[in-house]
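User: Please take a close look at the metal site in this model. Set it against the rest of the chain as you go.

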Amino acid sequence: MTCRSCNAPLVWIKSRAGKAIPCDPAVLSVVTDEGDVVRGRVSHFATCPQAAQHRKPKQPALFPEEPT
Ligand SMILES: [Zn+2]
């Protein structure tokens, strides 16, 4: 399985909610804010160089145009 955007290898991890999450294959040790060391993978959405294309710009209107 590879990313359609950047062709990076992916593994799919099923979340507790049953949703498949694309992740990078490398298993890393990370430390939680509570100080626990856990091993896990990084969501590919966080590392994909093309991630911007995964989330199509549905621009939130933060600054609505003011009538002129
Ligand atoms: Zn990618």
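Analyst: Of the contacts in the protein chain with a separation of 6 or more, 18% join residues 24 or more positions apart. This is a predicted model. The elements run β-β-β-β-α-α from the N terminus on. That gives four strands and two helices.

Now the site itself. Four residues coordinate the zinc ion: Cys3, Cys6, His44 and Cys48. The cysteines donate through SG, and the histidine donates through NE2. Distances run from 2.0 to 2.4 Å.

The geometry is tetrahedral, with angles of 104 to 120 degrees among the four donor atoms. The site counts as tetrahedral because four donors need all angles between 85 and 135 degrees. For four tetrahedral donors the ideal angle is 109.5 degrees.

The donor spacing in sequence is C-x2-C-x37-H-x3-C. Cys3 and His44 link distant parts of the chain, 41 residues apart. Cys3 lies in the segment before β1, the strand at 11–14. His44 belongs to helix α1, residues 44–47.

What about cover at these two donors: are Cys3 and His44 buried or exposed? Both Cys3 and His44 are buried. For context, buried residues make up 13% of the 68 residues in the protein chain.

Helix α1 also holds Ala46. Ala46 has 61% relative accessibility, so it counts as exposed. The cut-off for exposed is over 50%. His44, in the helix with Ala46, is buried. Ala46 also has a partner to note in space, Asp24: the C-alpha to C-alpha distance is 9.4 Å. In sequence, Ala46 and Asp24 are 22 residues apart.

Next, the surface away from the donor list. Leu28, Val30 and Val38 make a nonpolar surface patch of about 200 Å². Val38 sits in strand β4, which covers residues 37–40. Its relative accessibility is 35%, so Val38 counts as partly exposed. Partly exposed covers the range between the buried limit of 20% and the exposed limit of 50%.

The whole chain has an accessible surface of about 6,000 Å². Carbon and sulfur atoms account for 55% of that surface.

Back to the metal, in brief. The zinc ion has a tetrahedral site. Its donors include Cys3, from the segment before β1, and His44, from helix α1. Both of these residues are buried.

Note on methods: Residues numbered from 1 in each chain as written. Predicted model: local features only at pLDDT ≥ 70, side-chain atom pairs only at ≥ 80, totals over all residues. Heavy atoms only, no water. Donors = N, O, S within 2.8 Å, 3.2 Å for Na, K, Ca; no water. Tetrahedral: all angles 85-135°; square planar, octahedral: opposite > 155°, others 65-115°. Buried < 20%, exposed > 50% of the residue type's maximum accessible area, 1.4 Å probe, protein only. Patch = residues over 30% accessible without salt bridge, like charges linked within 9 Å, V, L, I, M, F, W, Y side chains within 5 Å. Areas by Shrake-Rupley, 256 points an atom, 1.4 Å probe, with all protein chains shown as cover. Salt bridge = Lys/Arg side-chain N within 4 Å of Asp/Glu carboxyl O. Contact = heavy atoms within 4.5 Å.
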